There are 2 protein chains.
Amino acid sequence: MELQLALDLVNIEEAKVLVKEVESFIDIVEIGTPIVINEGLHAVKAIKEAFPNLKVLADLKIMDAGGYEVMKASEAGADIITVLGVSDDSTIRGAVEEARKQGNKIMVDMINVKNIETRAAEIDALGVDYICVHSGYDHQAEGKNSFEELAAIKRVVKQAKTAIAGGIKIDTLQEVISAKPDLVIVGGGITGAENKSATASQMQQWIKQA
Amino acid sequence: MELQLALDLVNIEEAKVLVKEVESFIDIVEIGTPIVINEGLHAVKAIKEAFPNLKVLADLKIMDAGGYEVMKASEAGADIITVLGVSDDSTIRGAVEEARKQGNKIMVDMINVKNIETRAAEIDALGVDYICVHSGYDHQAEGKNSFEELAAIKRVVKQAKTAIAGGIKIDTLQEVISAKPDLVIVGGGITGAENKSATASQMQQWIKQA
């Protein structure tokens, strides 16, 4: 099981300070969609250059032009790139093909996918590397969580790794771990903690033990 | 009927040169998703500053955090911001509420929406300003077009304006115009033309006559 730090509401310099503080406790650092929208792939490039030993995920939430966007993210140094589960199969297929060429990985974000079990099976068959259940920011505000969705995709996914994201904090992490995802994605649960490094360290310890 | 120029595969400086060439023939300039991913909202800001008299559309294809993303795009000077039709109603609602505060507009991109007529009626009721049928890049490669989808949404949409995008060229424009959208979005049909200003001028003339 791995730990991913999701960065959302910071600029590039603030991101560097945050990652520096927890870098030895995380496996992947995510440049979240709000940062991509604000700064573009420049943010991915800057973080990969500053932390070459960490994997960097570019949360592009690709909806179209899968091959092209994966190529651009690869140029910027992204190790993992996200595509939306609600996108067309041709978009996911194009992203996977380009990632194979570039030697990086595709994560599909299942945010707002209906019939999640059926769609996860289809997406798994397209050869993606990760399938991520995700209670988005707007969903969290409505009190939704992703445990049932994780269980649903784990019933059908045969080759992809599974990931879970959305509102995970230190006091809900044990419940998340017991649902056995391959990757746990934490944002505010680390960046909003009083002691970020102690929180990330504790999270890492639990995750490595699982 | 209005004409929107969609810019996709250019950097900020190339975008300025292109817009300069056709600015008197277009109503809206779109900073396409690939530019947003590469350059972030800096591209929206640069084009709005260079062409204050044009409306600028930021093609964010928002999937989550509707209110926040619309606020950031507004700060950058966007007049119209796109949200995905496959996103949750709460995301579209958040985007519309923020746009009302900021005095700008929301376009919903119907790319890869299933049951387009039902969904268009739901989205129209959420108070968005434009609903856009869109044959994406990956769809166009499969030979799909959006005429049937435009007819479908026009049957149900009561308050929003309708728009059509995806692969429109000078030789298909008359067919598009006869389908009576409120807004026609053209990318490569202008940027890939031998004489860009003559093409845009001809398109504008036909659109204004319609």
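A:N112 counts as buried, at 9% relative accessibility, where buried means under 20% relative accessible area, exposed over 50% and partly exposed in between (1.4 Å probe, protein chains only). The structure is a predicted model, in which local features need pLDDT of at least 70 and side-chain atom pairs count only at pLDDT 80 or more, while totals for chains, interfaces and linings use all residues. Residues are numbered from 1 along each chain as its sequence is written, chains are lettered from A and ligands numbered from 1 in the order in which they are written, and side-chain values use heavy atoms, with hydrogens and water left out.

A:N112 sits in the loop between β5 (105–109) and α6 (116–125) of chain A; helices (H or I, at least four residues) and strands (E, at least two) are DSSP runs, numbered from the N terminus. Its side chain makes a polar contact with the side chain of A:K114 (3.2 Å), and a polar atom of the A:N112 side chain lies 3.3 Å from the backbone oxygen of B:S87. A polar contact here is a pair of N or O atoms within 3.5 Å; within protein, one must be able to donate a hydrogen and the other to accept it, and residues adjacent in sequence count only if both atoms are side-chain atoms. Leaving aside neighbours within four places in sequence, A:N112 is in contact (heavy atoms within 4.5 Å) with A:V86, A:H139, B:M63, B:V86, B:S87 and B:D88.

From this residue the view can be widened to the two chains. Chain A is superposed on chain B by a rotation of 180° with 0.0 Å of shift along its axis (RMSD 0.0 Å), the fit being by least squares on the C-alpha atoms of residues with pLDDT of at least 70 in both copies. The two copies are thus related as by a two-fold rotation axis, and in chain A the C-alpha nearest that axis belongs to A:G40, 1.9 Å from it. Because 97% of the interface residues of chain A are also interface residues in chain B, the copies meet through the same surface.

That contact takes 35 residues from chain A and 34 residues from chain B. The area buried between the chains, meaning the accessible area (1.4 Å probe) that two parts lose on being put together, summed over both, is about 2,700 Å², and carbon and sulfur atoms give 53% of it. In chain A, the residues that lose the most area to chain B are A:I37, A:M63 and A:D138, together 23% of what that side buries. Between chain A and chain B there are 24 residue pairs in polar contact (both at pLDDT 80 or more), whereas the count of salt bridges is zero; a salt bridge is a side-chain nitrogen of Lys or Arg within 4 Å of a carboxyl oxygen of Asp or Glu. The elements that give two or more residues to the side of chain A that touches chain B are α2 (33–39), β3 (55–62), α4 (66–75), α5 (89–102) and α7 (137–140) of chain A, and the largest share, six residues, comes from α2(A).

Of these elements, α4(A) has A:G66, A:E69, A:V70, A:K72, A:A73 and A:S74 as its buried residues. Their cover includes β3, β4 (80–84), α5 and β5 of chain A together with α2 (33–39) and α7 (137–140) of chain B. After α4(A) comes A:G77, whose phi is positive, near 105°.

Helix α6 (residues 116–125) of chain B buries B:I116, B:R119, B:A120, B:I123 and B:D124. These residues cover an arc of only 135° around the axis, which puts them on the same side of α6(B), the arc being that of the directions from the helix axis to the C-beta atoms. They pack against α5 (89–102), β5 (105–109), β6 (130–134) and α8 (147–156) of chain B.

Over all chains the structure holds 26 salt bridges. One of them joins the side chains of B:E117 and B:R155 (3.0 Å, N to O); B:E117 lies in helix α6 of chain B and B:R155 in helix α8 of chain B, so the pair ties together parts that are 38 residues apart in sequence. B:E117 counts as partly exposed, at 30% relative accessibility, and B:R155 is exposed, with a relative accessible area of 57%. In chain A, the side chains of A:R100 and A:D129 meet in another salt bridge (3.8 Å, N to O).
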